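Let's take a walk through this model, starting with its open spaces and then moving on to what packs and pairs around them.

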Amino acid sequence: MSLDKNRFEKQLSFLVEIDKMKSVFRRTMLIDLTRRENDAEHSWHFALTALVLLEYAKDDVDITRVIKMALVHDLVEVYAGDTFAYDEAGYVDKEERELKAADKIFGMLPDDQRDELRALWDEFEDFKSKESCYANAIDRLQPFINNYKTDGYTWREGNVNKAQVYKRMDAVRLYAPELWPFLEYVIDDAIGKGYIRP
């Protein structure tokens with residue numbers, strides 16, 4: 001079998017471009033408080049968290065599909081940047097920025113891979129399949145744990161309140177409900193310690 005040079009060049013260009021994810025820093029701090037987490041680290045941690053906590057998914061899900069979503073869900077941030085979960089102003093044009101970025105980043109790939117990875121990204125964003133619902137729950141849970149383990153660093157920095165956290169974490173209640181008592185405990189404890197405003 002001979003290498004399709006044009007196909008490989010597109011794949012290689014895409015892989016080089018997505019290396020930029022390592023330079024897109026999020027608001028979430030690493031648990032050791034040495035620096036902020038980058039998008040690549042978040043995507044890896046999200047994928048592994050989804051795998052480890054799979055038994056708590058409300059529905060039977062295709063974990064391979066969930067892991068694929070974890071790997072592609074933030075690729076658009078190479079161009080669109082990261083939008084802090086509690087930044088209401090940042091959400092005003094988030095969808096527009098990310099759709100434009102999705103066209104650009106996935107458009108670098110050969111057509112079949114462009115369509116596959118874009119479909120996974122769209123599925124994650126649509127929040128309709130059981131895989132995307134579980135994936136979204138875990139995408140919210142991973143930074144939640146980091147926030148708690150850093151004494152509420154990002155919550156305190158963003159002046160986040162209880163209602164905002166409950167709204168953001170509702171996907172866990174709906175799609176990984178066995179974990180909900182843990183989240184309620186953490187939220188109450190974080191309020192008591194001053195990490196989250198009442």
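A pocket here is an open set of grid points with protein on both sides within 12 Å along at least five of seven lines, and its lining residues are those with an atom within 4 Å of a point. Keep in mind that this is a predicted model.

**The open spaces**

With that in hand, look at the largest pocket. Its lining counts 37 residues, and Ala85, Tyr91, Lys94, Arg140 and Arg168 sit nearest the centre. The space inside comes to about 940 Å³. Several elements put at least two residues each into this lining: E1, H5, H6, H7, helix H8 (153-157) and H9. H7 makes the largest contribution, with 6 residues. As for chemistry, the lining splits into 13 nonpolar, 8 polar and 16 charged residues.

The second largest pocket holds about 230 Å³ of space. It is lined by 14 residues, and the ones closest to its centre are Ile18, Met21, Leu71, Val72 and Leu75. Here H1, H2 and H3 are the elements that each supply at least two lining residues. By class this lining has 10 nonpolar, 1 polar and 3 charged residues.

Then there's the enclosed space. The count is 1 cavity of 30 Å³ or more, and the largest cavity has a volume of about 40 Å³. Which residues line the largest cavity? They are Ala57, Lys58, Asp59, Val61, Lys130, Cys133, Tyr134 and Tyr175. H7 gives the most to this lining, with 3 residues. The class split is 5 nonpolar, no polar and 3 charged.

**The core**

Now for the packing. The largest nonpolar core has 50 residues, and the ones with the most contacts inside it are Phe106, Tyr134, Phe144, Trp155, Val165 and Val172. Two or more core residues come from each of helix H2 (39-52), helix H3 (63-72), helix H4 (77-80), helix H5 (94-106), helix H6 (111-126), helix H7 (130-149), helix H9 (162-175) and helix H10 (180-192). Which element gives the largest share of this core? That's H7, with 7 residues. So H7 keeps turning up, because it also gives the largest share of the lining of the largest pocket and the most to the lining of the largest cavity.Tyr134 deserves a closer look. Beyond its neighbours within four places in sequence, tyrosine 134 is in contact with Thr49, Ala50, Leu53, Leu54, Ala57, Val61, Ile63, Val66 and Tyr175. Tyr134 also appears in the lining of the largest cavity, along with residues including Ala57, Val61 and Tyr175.

**The salt bridges**

Across the whole structure, a search finds 20 salt bridges. Three of them are set out here.

| Pair | Closest N to O |
|---|---|
| Arginine 7 and aspartate 112 | 2.8 Å |
| Arginine 26 and aspartate 82 | 3.8 Å |
| Arginine 118 and aspartate 122 | 3.1 Å |

Take the pair of aspartate 112 and arginine 7. Aspartate 112 belongs to helix H6 and arginine 7 to helix H1 (residues 5-17), so the bridge ties together parts that are 105 residues apart in sequence. Aspartate 112 counts as partly exposed, at 45% relative accessibility, and arginine 7 is partly exposed too, at 28%.

The next bridge joins arginine 26 to aspartate 82. Arginine 26 lies in strand E1 (residues 25-29), whereas aspartate 82 is in the loop between H4 and H5, so this pair ties together parts that are 56 residues apart in sequence. Is arginine 26 buried or exposed? Arginine 26 is buried, with a relative accessible area of 10%, while aspartate 82 counts as partly exposed at 25% relative accessibility.

The third pair stays within one helix. Arginine 118 and aspartate 122 are 4 residues apart in helix H6, so about one helical turn separates them. Arginine 118 counts as buried at 18% relative accessibility, since the cut-off for buried is under 20%. Aspartate 122, with a relative accessible area of 26%, is partly exposed. Elsewhere, salt bridges that share partners join Arg26, Glu37, Asp74 and Asp82 into one network.

Definitions and conventions: Residues are numbered from 1 along each chain as its sequence is written. This is a predicted model: local features need pLDDT of at least 70, side-chain atom pairs count only at pLDDT 80 or more; totals for chains, interfaces and linings use all residues. Side-chain values use heavy atoms; hydrogens and water are left out. A nonpolar core is a set of buried Ala, Val, Leu, Ile, Met, Phe, Trp, Tyr and Cys residues joined through side-chain atoms within 4.5 Å. Buried means under 20% relative accessible area, exposed over 50%, partly exposed in between (1.4 Å probe, protein chains only). Contact means heavy atoms within 4.5 Å. A salt bridge is a side-chain nitrogen of Lys or Arg within 4 Å of a carboxyl oxygen of Asp or Glu. On a 1 Å grid over the protein atoms alone, a cavity is a set of points where a 1.4 Å probe fits but cannot get out, and a pocket is an open set with protein on both sides within 12 Å along at least five of seven lines; lining residues have an atom within 4 Å of a point. Grid points are joined across faces, edges and corners, and a volume is the space filled by probe spheres set on the points. Ala, Val, Leu, Ile, Met, Phe, Trp, Tyr, Cys and Pro count as nonpolar, Asp, Glu, Lys and Arg as charged, and the others, Gly among them, as polar.
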